[in-house]
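Biologist: I would like a close look at one part of this protein, followed by an account of how its surroundings and some further regions are built. Please take your time and keep the argument connected.

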Amino acid sequence: MTTRKTSIRPQPETVRTGLSADAIAQAVLDNLSFVQGRLPLLATPHDWYLALAYSVRDRLLERWLLSVQTWRRQEVKVACYLSAEFLIGPQLGNSLLALGIEDTVRVALRSLGQDLDVLMELEEEPGLGNGGLGRLAACYMDSLATLEVPAVGYGIRYEFGIFDQEIQSGWQHEITDKWLQRGNPWEIIRADVNYYVNFGGRTEQQRDENGRLQVRWLPGNQLKGVACDMPVPGYSVNTCNTLRLWKSEAVEAFDFQDFNVGDYYGAVQEKILSETLSKVLYPNDEPEVGKRLRLAQQYFFVSCSLQDMLRLLDLKGKPVASFPDLFAVQLNDTHPSIAVAELMRLLLDERGLEWDAAWDITCRTLAYTNHTLLPEALETWGMPLFQSLLPRPLEIIFEINRRFLEQVRAQHPGDEALAQRLSIIDERGERRIRMANLATIGSHAVNGVAKLHSHLLKETVLRDFAQLWPDKFCNVTNGVTPRRFMRLSNPGLSRLLDATVGEDWVRDLSQLQGLEAYAADASFQEQWLRAKRHNKQLLAQKLGQRTGVALNPEALFDIQVKRIHEYKRQHLNLLHVITLYHRLRQNPQLDIAARCVIFGGKAAPGYRMAKLIIRLINGVAATVNADPAMAGRLQVAFYPDFNVKHAHAIYPAADLSEQISTAGKEASGTGNMKFTLNGALTIGTLDGANVEIRDAVGAENFFLFGLTADEVTQRRAAGYRPRDILEQDEELRAVLELIGSGIFADGDSGLYQPLLDHLCNHDDYLLLADYRSYLDAQADVERTWNERERWTRMSILNVARAGSFSSDRAIAEYCANIWNLLPVPVDAVPAGSVIPAVSHTVTP
């Protein structure tokens with residue numbers, strides 16, 4: 001099919017895409033009237049938010065269309081980022097920042113009697129992720145666009161995302177996240193971009209006229225994946241990439257025969273069942289039905305995404321052999337690792353390739369990022385479940401495994417134990433599919449996400465593969481976008497940075513090194529402290545509104561916000577808080593620096609111990625904050641429903657960043673980077689990216705404590721007995737006895753017994769082993785905080801030396817070392833231009 005060529009001619013500024021205050025104001029009114037059908041006099045604040053969002057989206061789509069046209073004219077290789085999560089955060093502020101029109105929009109809205117800050121607060125956050133994995137994917141999409149790298153993010157359009165968290169009587173309660181309840185003005189639903197996905201049924205084999213074996217999958221049922229696109233703009237560039245999320249629909253939404261015979265439920269049953277697939281992020285996978293749904297979700301979005309890439313290949317008129325030259329597919333953890341089998345299926349069954357050719361294409365296309373060192377977090381699927389849901393992909397996995405193990409046995413004859421460890425099929429007990437093994441075998445590159453993590457990956461969970469293919473493994477340390485987590489969320493600090501090192505730091509964080517010359521400057525330190533004090537006042541105001549706790553902004557803000565998990569050791573932080581409380585009760589005259597300890601994070605709904613830790617945090621907060629003797633000295637608060645939107649207020653306000661996971665457990669972390677880039681000092685173990693942060697900022701500007709990863713391994717191997725530590729540490733015993741007394745549980749002495757029993761008898765994450773070292777480091781924190789000039793100098797140096805933790809650096813490394821991708825600049829949009837409509841045949 002040929003597409004009509006059109007030219008772009010400069011025209012006077014249009015209301016649809018103009019960037020002046022007048023054009024934007026008129027665009028808002030037009031969208032209010034002609035898209036929403038609202039009179040300005042009767043419009044609600046949310047109506048005004050939607051009108052503004054549609055107006056901003058128009059300006060993004062102008063750049064999006066221009067990007068598509070640019071890439072169509074060139075032989076462009078596209079990065080395709082497959083992730084089960086994209087925790088993208090609110091879009092309005094980020095879009096205004098990318099377009100450079102925030103101040104203009106403020107003027108436009110004031111002329112309409114509206115306030116931008118009020119409208120931004122009304123935006124629902126898309127709950128499309130659980131934590132760091134999804135937020136990393138969103139940061140990478142931001143950097144890909146900013147670096148002008150053509151890219152598509154592929155995932156699932158969950159109707160209900162990560163739950164909203166409410167705290168009731170100290171306990172976490174999960175509330176349905178209805179982020180789509182009032183619509184999503186940022187998305188474009190492309191009903192014409194859809195693909196069928198098979199489930200269940202059986203396969204049959206036959207020979208073609210040339211004697212070649214052919215396999216047909218006769219599915220038990222099918223559903224349809226429909227593309228829902230969101231624009232991803234780059235900062236101060238014309239590139240606008242795509243986040244393509246799939247929603248599930250029935251192939252036939254309505255069965256007229258069932259309806260005619262009076263079976264009204266049966267007439268729509270297929271629609272109901274099919275749409276369930278993309279209903280909720282991460283269903284509870286404890287029951288079998290939850291496991292089945294989660295596996296179906298993963299296969300669904302992977303199959304749709306790969307079919308979409310093959311469609312784009314066809315639109316370019318390129319042979320399938322060129323697929324790896326035009327698409328670089330990154331698997332973000334094991335969730336999309338079924339892509340190895342599915343791409344093989346599409347190439348073998350749908351495109352008619354021979355095995356070796358299909359395998360070569362698959363391996364040259366795919367790359368795998370591992371995000372965990374916890375063996376229990378490496379996904380495996382039971383054979384009966386996999387067989388019943390995905391019979392054809394399972395056959396392909398068997399054949400991949402057979403051929404792979406033939407090579408292993410040929411290279412290592414007689415070492416059957418090695419073959420069993422490397423096998424995709426775990427034969428111990430119930431046979432299971434090891435998805436990390438599948439991803440490693442079918443990818444041309446495997447990377448960890450921090451130097452320590454990548455090292456441990458090759459020494460532990462993927463050791464045998466690393467010895468087999470040492471050149472396949474590499475490291476790409478995670479990074480975060482400075483656009484959202486500095487420029488957008490910390491405007492006061494950003495203005496100071498602009499005035500000191502220039503405005504280009506937003507695209508090149510290495511320029512922050514220029515701050516070092518001012519670290520000891522008294523005038524600059526005062527400006528630095530003024531920005532931090534303002535941020536602390538804002539957080540105190542927001543937290544007070546949500547919890548009723550009135551924080552003292554002059555105190556040390558000691559913050560730990562992240563997913564609640566035992567290995568992240570929020571309860572070690574609590575042991576320090578309770579130790580301070582105990583000391584102050586024993587000695588009311590004790591001189592300590594005023595400290596506000598702030599927690600935040602969600603526990604998985606089925607993770608009982610994590611939910612008990614949240615209860616203990618709130619129990620300690622209620623007791624400490626109600627004690628008059630603690631006034632002005634110690635406060636504790638839990639910020640409910642921690643998400644990207646709330647993080648905008650939290651990271652900039654922190655003085656101290658708690659990164660205290662057990663060494664060897666955290667893959668990387670990105671919260672540690674966000675805190676550092678906003679001027680917080682870190683107290684932490686040598687775990688994940690903490691190691692690199694400490695190396696970058698200087699050991700003297702980092703509060704280190706705890707066992708190293710090697711020491712943790714040695715301690716366990718020697719037979720770790722937490723009661724031995726208890727016997728030697730009287731203060732620690734007193735702290736645990738205080739928890740067991742019921743003082744933090746309204747007198748219920750048995751409430752925290754499961755937690756205490758685990759710490760005293762097992763302590764899997766070595767809290768007690770690190771307790772005294774942690775307290776010593778906290779004492780050093782207090783001494784340094786009391787030397788305010790020294791603390792401020794350390795804070796400035798942390799920011800000055802943290803430039804390498806930008807997601808721009810990480811994406812540049814992926815492009816150079818894994819994807820073999822180059823930027824493709826998009827020409828500037830001519831003033832007042834109108835981008836002509838593009839046929840659906842060139843939809844990216």
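In which loop is Ser236 found?

Modeller: The model is a predicted one, and in it Ser236 is found in the loop between strand 8 (221-233) and strand 9 (240-250). The backbone there deserves attention, since phi of Ser236 is near 60 degrees, a positive value in a residue other than glycine. Ser236 counts as exposed because its relative accessibility is 52%, and the cut-off for that class is over 50%. A second residue that is not a glycine, Asp763, also has a positive phi, of about 50 degrees; it sits in the loop between helix 30 (753-761) and helix 31 (767-786). Asp763, however, has a relative accessibility of 1% and therefore counts as buried, the limit for that class being under 20%.

Strand 8, which precedes the loop of Ser236, leads on to an enclosed space. Counting cavities of 30 Å³ or more gives eight, and the second largest of them has a volume of about 170 Å³. Strand 8 and helix 6 (132-146) are the elements that give two or more residues to the lining of this second largest cavity. Its lining comprises 15 residues, and those nearest the centre are Ile88, Gln91, Asn94, Ala138 and Val232. By class, nine of the lining residues are nonpolar, three are polar and three are charged.

The open counterpart to consider is the second largest pocket, with a volume of about 880 Å³. This pocket is lined by 36 residues, among which Pro375, Leu378, Thr460, Val461 and Leu462 lie nearest its centre. Several elements each supply at least two lining residues, namely helix 14 (391-411), helix 15 (416-422), strand 13 (425-426), helix 16 (435-441), helix 18 (463-468) and helix 27 (709-717). Helix 27 gives the largest share of that lining, with five residues. The lining of the second largest pocket divides into 15 nonpolar, eight polar and 13 charged residues.

Turning to the helices of the N-terminal part, helix 1 (residues 21-34) has 14 residues and reaches 20 Å from its first C-alpha to its last, which is close to the 20 Å expected at 1.5 Å a residue. Its buried residues are Ala21, Ala23, Ile24, Ala25, Ala27, Val28, Asn31 and Leu32. As a general point, an α-helix has 3.6 residues a turn, so residues three or four places apart point the same way. The buried residues of helix 1 pack against helix 2 and helix 4 (102-111).

Helix 2 (residues 45-72) can be followed through two of its members, beginning with His46. His46 has a relative accessible area of 10% and is therefore buried; once its neighbours within four places in sequence are left aside, His46 is in contact with Leu122 and Arg182. Arg57 also belongs to helix 2, and its relative accessible area of 16% means that Arg57 is likewise buried. Beyond its neighbours within four places in sequence, Arg57 is in contact with Pro185, Trp186, Glu187 and Ile188. The C-alpha atoms of Arg57 and Ser95 are separated by 8.3 Å, although the two residues stand 38 residues apart along the chain.

Another arginine, Arg546, lies in helix 21 (residues 522-547), and Arg546 counts as partly exposed because its relative accessibility is 39%. Leaving aside neighbours within four places in sequence, Arg546 is in contact with Tyr639, Pro640, Asp641 and His646. For one of these partners, Tyr639, the C-alpha atom is separated from that of Arg546 by 7.7 Å, with their positions 93 residues apart along the chain.

Aromatic rings complete the account. The count comes to 20 aromatic pairs, and one of them joins Tyr518 and Phe524, whose ring centres are 5.4 Å apart with planes at 40 degrees, so the pair is tilted. Within that pair, Tyr518 is partly exposed at a relative accessible area of 34%, whereas Phe524 is buried at 3%. Elsewhere, ring pairs link Tyr81, Tyr140, Tyr814 and Trp819 into a cluster.

Conventions:
Residues are numbered from 1 along each chain as its sequence is written. This is a predicted model: local features need pLDDT of at least 70, side-chain atom pairs count only at pLDDT 80 or more; totals for chains, interfaces and linings use all residues. Side-chain values use heavy atoms; hydrogens and water are left out. Helices (H or I, at least four residues) and strands (E, at least two) are DSSP runs, numbered from the N terminus. Buried means under 20% relative accessible area, exposed over 50%, partly exposed in between (1.4 Å probe, protein chains only). On a 1 Å grid over the protein atoms alone, a cavity is a set of points where a 1.4 Å probe fits but cannot get out, and a pocket is an open set with protein on both sides within 12 Å along at least five of seven lines; lining residues have an atom within 4 Å of a point. Grid points are joined across faces, edges and corners, and a volume is the space filled by probe spheres set on the points. Ala, Val, Leu, Ile, Met, Phe, Trp, Tyr, Cys and Pro count as nonpolar, Asp, Glu, Lys and Arg as charged, and the others, Gly among them, as polar. Contact means heavy atoms within 4.5 Å. The expected span of a helix is 1.5 Å times one less than its number of residues. Rings of Phe, Tyr and Trp (its six-membered ring) pair if their centres lie within 6.5 Å; planes under 30 degrees apart count as stacked, over 60 as edge-to-face and the rest as tilted.
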